[in-house]
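This report describes how the interior of one protein model is put together, and it then follows a single strand and its partners.

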Amino acid sequence: MAYQKINAHIRPLGDSALVIQLGDGISLAVHEKVKNLCNLLEKEPFTGLIESVPSYNSLTIYYNPVAVFLSNTDKDSSSPYNKVSAIILSLLDKLGTSETSEQRLITIPVVYGGEFGPDLEYVANYHGLSVEDVIQIHSSNEYLVYMIGFAPGFPFMGGMDERIATPRKDSPRLAIVPGSVGIAGKQTGIYPLETPGGWQIIGRTPLDLFLPELSPPTLLQAGDRIRYVPITLEEYAVYKEMKQ
């Protein structure tokens, strides 16, 4: 189902979800539409809504089809998918007048290089830069968290300076240490848990990104803005002690 007014397309995802595609690629303007639609759903939830999951350029809506069906006064004429699609279309009409949510700015302390950043020298050599140049470039940018995915709390961030954009590793590591800060193409991200991964690891943060005891259970959320701050090994140890 296409919605030409703002270049949106709605498609089903199984029998209890749908995807609203709001553009292509990694774009700040498209992502603002995604976040605004997500915010509208939070303010105006429909009966049967389970959750909405934003990504770079789309929003996935999960719903209970039975609850949606029972809430429909004209049950003979509309399937749960059509009902939810109609609700989404009405919200899309409000996107142009909706307010952009206030963004959080979060600083992430990072120890760069050494055993904490085994790929830092590779990234520097790949671009003909010094290690210090890579650290300075990476920590001077402000990044946008476009989506959380892959692993609980893993932030995919855009805003990478092309001078240090580096392809993923040819052979992924079997285990990445939690807190590892990586580069993959024009993205940067942080591994919240020990998982396999092919990103170029340039540093590590002492912060925990996956916080299962909280709601939501992640330190970062889509729409957050991030700045990396270089710290020493001694400062890293202090952060670790403060969490105990």
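Which residues have the most contacts inside the largest nonpolar core? In this predicted model, that core has 24 residues, and Ile108, Met157, Ile226 and Tyr228 are those with the most contacts inside it. At least two residues of this core come from each of strands S6 (105-112), S7 (143-148), S10 (180-184) and S14 (225-230), and from each of helices H4 (120-127) and H5 (131-140); the most is given by S6, with four residues. Another core, of 23 residues, lies apart from it and includes Ile20, Val34, Leu41 and Ile87. In soluble globular proteins, nonpolar side chains tend to be buried together.

Tyr228 illustrates the packing: leaving aside residues up to four places away in sequence, Tyr228 touches, among others, Ile108, Val110, Tyr112, His138, Met157 and Ile190.

Met157 leads on to strand S8 (residues 155-158), from which Pro155 and Met157 point one way while Phe156 and Gly158 point the other way, although all are buried. The strand pairings of S8 are set out below.

| Strand pair | Sense | Bridges | Residue opposite Phe156 |
|---|---|---|---|
| S7 and S8 | antiparallel | four bridges | Met147 |
| S8 and S11 (residues 187-190) | antiparallel | two bridges | Gly189, its bridge partner |

Phe156 of S8 thus stands opposite Met147 and has Gly189 in S11 as a bridge partner. The hairpin of S7 and S8 has six residues between the strands, and within this hairpin Phe150 takes a positive phi near 70 degrees.

How values were computed:
Residues are numbered from 1 along each chain as its sequence is written. This is a predicted model: local features need pLDDT of at least 70, side-chain atom pairs count only at pLDDT 80 or more; totals for chains, interfaces and linings use all residues. Side-chain values use heavy atoms; hydrogens and water are left out. A nonpolar core is a set of buried Ala, Val, Leu, Ile, Met, Phe, Trp, Tyr and Cys residues joined through side-chain atoms within 4.5 Å. Buried means under 20% relative accessible area, exposed over 50%, partly exposed in between (1.4 Å probe, protein chains only). Contact means heavy atoms within 4.5 Å. Two strands pair if DSSP finds at least two bridges between them.
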